[in-house]
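This briefing goes through one structure by topic. The sequence and the model come first, and the notes follow.

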Amino acid sequence: TIRRFREDPSLEGRTLEEIAEERDLPAVDTALELLKEGSPGVVSFNMHTRDVNRLMKQPWTMTASDGGLVEKGEGVPHPRNYGAFSRKLRHYVVEKEVVDLATAIHSMTHMPARVYGVADRGMIREGNYADIAVFDLERVNDKATFTEPHQLSEGMVHVLVNGVAAIYDEEFTGERPGNILSNE
């Protein structure tokens with residue numbers, strides 16, 4: 001699906017197949033034409049489940065999202081903008097049992113902090129910043145879809161960022177204690 005396309009916003013949220021059919025062109029020619037017209041952002045479906053599962057089990061795999069900062073309700077972003085981490089917990093830990101919970105949490109917290117050299121984060125210990133997510137594993141769920149991406153995940157009970165509650169009893173507090181991290 002097309003994510004962003006300034007030259008023709010009517011293409012946003014549509015598939016290459018739909019646009020190719022409308023233009024009466026093969027999909028490859030339509031893709032090349034769209035690139036010439038302004039290089040749209042796209043959501044591609046090019047990863048095989050077997051490969052993702054194999055990679056997920058590797059001890060060096062970190063969880064991340066390439067989702068961008070998008071205003072809620074604007075455009076048609078990838079659903080992982082709203083649910084990359086909850087998706088891993090629901091789909092790969094609970095439903096498919098590809099990885100265990102401890103491995104998933106490690107890949108989301110301590111490992112990225114260590115790899116990127118961000119001190120005082122990624123582990124709960126004295127002296128570290130308190131970035132903590134308390135969730136209900138039975139209810140954690142990514143609700144965002146490709147056709148309805150602007151849906152927040154469920155199951156986060158409490159979320160502390162820099163020791164300040166951003167979510168308390170499953171409700172946003174209005175606090176915004178986050179900041180940009182650097183390893184410098």
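Aspartate 120 lies in the loop between helix H6 (110-115) and E3. Its phi is near 65°, a positive value in a residue other than glycine. The model is a predicted one. The chain holds six helices and six strands, and the notes below cover its overall build, its sheet, two loop residues with positive phi, and three further residues with their contacts.

**Overall build**

- From the N terminus, the elements follow the order β-α-α-β-α-α-α-α-β-β-β-β.
- Along the principal axes, the C-alpha atoms of the chain fill a box of roughly 60 × 35 × 35 Å.
- The chain has 184 residues, and 29% of them count as buried.
- Among contacts in the chain with a separation of 6 or more, 49% are made by residues 24 or more positions apart.
- The chain has an accessible surface of about 12400 Å², and carbon and sulfur atoms account for 52% of this surface.
- The chain carries 21 positive and 31 negative charges, and the mean positions of the two sets are 5 Å apart.

**The sheet**

- Four strands make up an open sheet with the order E3-E4-E5-E6, and their pairing is antiparallel.
- Strand E3 (132-135) and strand E6 (171-172) are at the edges with a single partner strand each, so one side of each has no neighbour in the sheet.
- E3 pairs with E4 through four bridges in the antiparallel sense. Valine 134 is placed opposite histidine 158 in E4.
- E4 and E5 are antiparallel and joined by three bridges. Valine 159 has isoleucine 167 in E5 as its bridge partner.
- A hairpin is formed by E4 and E5, with two residues between them. Asparagine 162, in the turn of this hairpin, has a positive phi of about 55°.
- Strand E5 (residues 164-168) is joined to E6 by two bridges, and these strands run antiparallel. Isoleucine 167 has phenylalanine 172 in E6 as its bridge partner. Isoleucine 167 is thus bridged to valine 159 as well as to phenylalanine 172.

**Loop residues with positive phi**

- Aspartate 120, introduced above, has a relative accessible area of 39% and is partly exposed.
- Glutamate 170 is located in the loop between E5 and E6. Although glutamate 170 is not a glycine, its phi is positive, at about 70°.
- The relative accessibility of glutamate 170 is 38%, so this residue counts as partly exposed.

**Arginine 90**

- Arginine 90 is part of helix H4 (residues 80-95). Its relative accessibility is 11%, so arginine 90 counts as buried.
- Leaving out residues up to four places away in sequence, arginine 90 touches Glu95, Leu137, Glu138, Arg139, Val140, Asn141 and Asp142.
- At 3.0 Å, the side chain of arginine 90 reaches the backbone oxygen of glutamate 138.
- Arginine 90 and serine 182 are 92 residues apart along the chain, and their C-alpha atoms are separated by 30 Å.

**Aspartate 142**

- Aspartate 142 is situated in the loop between E3 and strand E4 (156-161). With a relative accessibility of 10%, aspartate 142 counts as buried.
- The side chains of aspartate 142 and arginine 80 are joined by a polar contact of 3.3 Å.
- When neighbours within four places in sequence are set aside, the contacts of aspartate 142 are Arg80, Gly83, Ser86, Arg87, Arg90 and Ser153.
- Arginine 90 is one of the residues in contact with aspartate 142.

**Valine 164**

- Valine 164 belongs to strand E5. Its relative accessibility is 30%, so valine 164 counts as partly exposed.
- Apart from neighbours within four places in sequence, valine 164 is in contact with Val159, Glu175 and Pro177.
- Valine 164 and threonine 15 are 149 residues apart along the chain, with 41 Å between their C-alpha atoms.

Technical notes:
Residues are numbered from 1 along each chain as its sequence is written. This is a predicted model: local features need pLDDT of at least 70, side-chain atom pairs count only at pLDDT 80 or more; totals for chains, interfaces and linings use all residues. Side-chain values use heavy atoms; hydrogens and water are left out. Buried means under 20% relative accessible area, exposed over 50%, partly exposed in between (1.4 Å probe, protein chains only). Contact means heavy atoms within 4.5 Å. Accessible areas come from the Shrake-Rupley method with a 1.4 Å probe; for residues, only the protein chains shown count as cover. Lys and Arg count as positive and Asp and Glu as negative; His and the chain ends are not counted. The place of a charge is taken as NZ of Lys, CZ of Arg, CG of Asp or CD of Glu. Two strands pair if DSSP finds at least two bridges between them. A polar contact is a pair of N or O atoms within 3.5 Å; within protein, one must be able to donate a hydrogen and the other to accept it, and residues adjacent in sequence count only if both atoms are side-chain atoms.
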